[in-house]
Number of protein chains: 2
Amino acid sequence: MLNVITLEEALQLVRETFVPAGAKERVPLGEALGRTLAEDVTAAEYVPDFDRSNVDGYAVRARDTFGCSDAIPAVLRLQARIRMGERPDFALEEGCCAAIPTGGALPRGADSAVMLEYAEEFGDGTVGIARSAAPGENLTFRGDDVSPGKLLLPRGRILHPQDVGALAALGITNVPVTAPLRAAVISTGDELVAPDKKPGPGQVRDVNGPLIEAQLADAGIRAVRFGIVPDREDALRKAVENAIQDCDAVILSGGSSVGEKDASLRVIGSLGPVLFHGLAMKPGKPTILGRCGNKPLIGLPGHPVAAFFVTRLFVLPLLSRLSGTEFEPRQCTARLTENVSANHGRAYFCACRLRKEEDGIAAEPIRTKSGLITALAGADGYFCVDRDCEGLMQGAQIRVFCLRENDYGL
Amino acid sequence: MLNVITLEEALQLVRETFVPAGAKERVPLGEALGRTLAEDVTAAEYVPDFDRSNVDGYAVRARDTFGCSDAIPAVLRLQARIRMGERPDFALEEGCCAAIPTGGALPRGADSAVMLEYAEEFGDGTVGIARSAAPGENLTFRGDDVSPGKLLLPRGRILHPQDVGALAALGITNVPVTAPLRAAVISTGDELVAPDKKPGPGQVRDVNGPLIEAQLADAGIRAVRFGIVPDREDALRKAVENAIQDCDAVILSGGSSVGEKDASLRVIGSLGPVLFHGLAMKPGKPTILGRCGNKPLIGLPGHPVAAFFVTRLFVLPLLSRLSGTEFEPRQCTARLTENVSANHGRAYFCACRLRKEEDGIAAEPIRTKSGLITALAGADGYFCVDRDCEGLMQGAQIRVFCLRENDYGL
């Protein structure tokens with residue numbers, strides 16, 4: 001008998017049972033994109049480290065320009081030309097200015113910069129300034145952007161391109177990130193052949209292996225491929241024992257025969273407590289969760305659509321718990337294009353295609369008799385008919401969890 | 001003088017000027033995730049390739065069970081036990097049944113399967129069936145999922161995990177995808193040092209290189225790093241000429257001095273027509289677009305925030321045009337937490353942080369005097385104040401373009 005629990009109960013059990021694995025590593029800046037910060041990143045320097053001009057023009061002492069105008073420019077002596085990337089080694093004298101490029105370092109004594117547009121070099125070593133400058137105008141001061149001690153990015157932040165830029169600015173090129181989880185993926189079943197093989201009579205290709213590996217990779221988890229293991233308890237036990245040495249989690253995707261189900265359950269149960277056996281969802285009922293220390297052992301249904309939904313709805317949140325991150329799938333609201341009748345007593349998950357329409361998004365359920373791969377290929381999202389709900393009507397506004405990104409103007 | 005055009009005009013110019021590069025390659029299934037299909041994928045086989053049972057139980061001839069019940073079971077002779085992965089080499093005889101696992105191949109003659117729950121082996125070579133079976137019940141027929149010629153996935157589809165699973169099912173392990181674009185990233189400026197170096201007086205670290213490389217990588221474009229090129233026209237010209245041999249596009253991120261701007265413009269202009277010089281957006285005005293054949297040459301502002309926005313708003317759509325894909329950033333609606341005043345005559349882009357609140361999402365503008373890296377680090381999105389708009393009021397519902405994924409329940 002299955003000890004069936006709901007998905008919500010299963011996820012609650014996960015939160016109570018497993019703790020974040022907490023492993024860290026350091027990666028070069030060029031590999032930090034998409035990784036999760038393992039520590040707060042605090043500035044250790046001033047950015048910029050010097051006062052600089054925001055404009056192409058002239059560094060001045062503001063008071064030397066007070067009261068000037070187009071008609072009566074202030075005439076200042078051109079004391080120097082400052083070049084990019086050099087710190088001026090002089091102090092600006094009274095009645096003088098220095099040509100300065102955008103980003104150039106301000107000389108001592110200067111307290112403002114005048115834009116090129118308001119200045120004219122007379123060719124005799126003097127410059128006419130046609131607009132009075134306010135102290136501090138057109139300048140960025142040392143530390144305006146960042147000062148030592150400022151929290152730049154918090155622990156747990158998933159690093160996006162803009163964060164990589166900020167780390168570069170501070171010279172943090174060896175970035176502390178959480179080590180990616182390693183999850184073993186094992187397919188079992190005597191009927192399975194590798195996807196690049198032609199199935200013989202009665203055989204099918206292993207879909208779950210590549211499918212689950214791709215789902216894990218998509219979530220930033222390192223899938224460790226263990227391939228196809230024959231449907232014998234000793235072979236399965238050996239594979240799981242090897243996997244658990246090397247990985248943070250083991251995902252068995254069972255064939256669906258009685259023997260395999262039993263073998264998975266016995267192997268998982270021999271390594272630690274079985275936390276549940278059976279999820280009240282469709283597809284996905286024959287799911288097993290066991291525990292070996294802080295490492296989950298997961299037995300998934302052999303049916304690809306079921307394996308897909310359980311991975312998405314249960315395994316990814318479980319592994320996110322281990323990696324200390326949040327897994328929150330994108331959602332949108334869409335109009336259902338046809339009636340969907342539901343099953344009794346189990347949350348029913350249905351894949352769908354999404355279409356942008358004038359007045360919103362339309363969700364077209366993908367129906368297949370068998371619920372095999374055509375229910376997945378080309379799917380854009382999925383929705384749930386709650387276990388207490390008898391069905392959804394055409395035209396209903398439903399919540400769709402999205403499987404594709406950068407789409408539908410969400 | 002800048003020949004300034006709006007972002008919309010610039011993107012229209014891109015559509016009129018550049019055509020998709022159209023290069024294809026083949027990758028192993030394990031590397032296909034996230035890639036774009038270069039060809040329609042059509043099934044060449046039946047999936048499954050044989051009639052199979054959907055349940056653990058007994059394959060029967062339906063008519064042998066008609067009229068049976070709990071009280072008066074049909075008693076059938078157990079002719080065989082079918083194993084997973086084997087094609088039965090017999091025909092089911094009248095009055096007989098065969099034990100069959102879920103996914104097992106149906107023997108000839110059988111036309112239905114009865115679930116284990118409704119059957120009992122009597123131990124004398126016979127099985128009692130307590131429920132009459134309808135023809136076709138609990139079966140998946142050959143080709144139910146896919147038949148040869150069926151379009152499985154269309155050209156242009158970005159491959160998601162569920163698509164990888166479908167390709168595995170069909171044995172398509174060498175996947176035709178569009179070749180990723182290669183874009184050269186060149187930083188110019190005498191004041192720049194590599195991010196892992198300590199800047200000397202008047203120097204700053206190269207932020208734009210790592211920033212733009214990360215933005216490209218995030219969009220699936222292969223950034224080819226050319227590093228920092230000194231601010232001399234001959235050096236810049238040599239770097240660009242090298243880059244254009246090897247890459248589909250060249251992105252110069254200029255220092256911001258007058259000399260550099262001129263050098264970029266002259267180098268770009270010497271290799272083909274300059275399509276525009278100046279974008280009516282803030283930040284981001286000093287942007288240059290040139291063309292060498294079907295290869296864009298892009299001069300970006302040196303300012304990191306400006307480079308970031310122009311890359312996001314202009315360069316990524318441009319490169320998507322070349323790769324034949326759509327670039328559509330995610331959006332959400334959020335409540336502005338404070339007034340934002342705008343500039344005149346230029347679309348103004350402002351980074352913001354997003355917070356989930358009870359009644360929706362709050363967008364808090366990130367304000368910095370200088371608009372340097374702190375305006376980017378930790379940003380969750382950005383919004384635009386249109387060029388004709390004088391500002392946005394606190395509390396306004398605004399459209400925010402999201403920079404982070406899997407957040408805010410979108």
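Two strands count as paired if DSSP finds at least two bridges between them. I kept that rule at hand while browsing this predicted model.

**Entry: strands 18, 20 and 21 of chain B**

I began with strand 18 (residues 274-277) of chain B and strand 20 (residues 288-292) of chain B, and found them antiparallel and joined by 3 bridges. For a concrete pair, I looked up B:V274, whose bridge partner in strand 20 of chain B is B:G290.

Next I followed strand 20 of chain B to strand 21 (residues 295-300) of chain B; these two also pair in the antiparallel sense, over 5 bridges. Here I noted B:L289, which has B:I298 in strand 21 of chain B as its bridge partner. I then checked the turn of this hairpin: there are 2 residues between the strands, and B:G293 takes a positive phi near 65°.

**Entry: helices 3 and 6 of chain B**

How far apart are the axes of helix 3 and helix 6 of chain B? I read 10 Å between the axes of helix 3 (residues 208-218) and helix 6 (residues 304-323), with a packing angle of about 25°. Angles under 35 degrees count as roughly parallel, so helix 3 of chain B is roughly parallel to helix 6 of chain B. I also noted that their crossing is right-handed.

I listed who makes the contact: helix 3 of chain B brings B:N208, B:L211, B:I212 and B:Q215, while helix 6 of chain B brings B:P304, B:A307, B:F308, B:T311, B:R312 and B:L316. Sorted by class, I get 6 nonpolar, 3 polar and 1 charged residues in this contact.

**Entry: B:R155**

I found B:R155 in the loop between strand 11 (151-153) and helix 2 (161-169) of chain B. I put B:R155 down as partly exposed, because there are 14 C-beta neighbours inside 10 Å. Which residues does B:R155 touch, leaving aside its neighbours within four places in sequence? My list reads B:L37, B:A38, B:E39 and B:D40. I looked at B:A38 again: B:R155 and B:A38 are 117 residues apart in sequence, yet 5.3 Å apart in space, C-alpha to C-alpha.

**Entry: where chain B touches chain A**

My last stop was the contact of the two chains, which takes 84 residues from chain A and 84 residues from chain B. On the side of chain B, I saw that strand 11, helix 2, strand 15 (204-205), helix 3 and helix 6 each supply at least two residues. Helix 2 of chain B gives the largest share of that side, 8 residues. By class, I logged this side of chain B as 37 nonpolar, 24 polar and 23 charged residues.

Terms used: Residues are numbered from 1 along each chain as its sequence is written. Chains are lettered from A and ligands numbered from 1 in the order in which they are written. This is a predicted model: local features need pLDDT of at least 70, side-chain atom pairs count only at pLDDT 80 or more; totals for chains, interfaces and linings use all residues. Axes are lines fitted to C-alpha atoms, for helices over the stretch in contact, and angles run from 0 to 180 degrees between N-to-C directions. Helices (H or I, at least four residues) and strands (E, at least two) are DSSP runs, numbered from the N terminus. Angles under 35 degrees count as roughly parallel, over 145 as roughly antiparallel, 65 to 115 as roughly perpendicular and the rest as oblique. A crossing is left-handed if the near helix is turned anticlockwise from the far one by less than a right angle, and right-handed if clockwise. Two residues are in contact if their C-beta atoms, placed from the backbone, lie within 7 Å. Ala, Val, Leu, Ile, Met, Phe, Trp, Tyr, Cys and Pro count as nonpolar, Asp, Glu, Lys and Arg as charged, and the others, Gly among them, as polar. A residue is buried if 20 or more other C-beta atoms lie within 10 Å of its own, exposed if 12 or fewer, and partly exposed in between; C-beta atoms are placed from the backbone.
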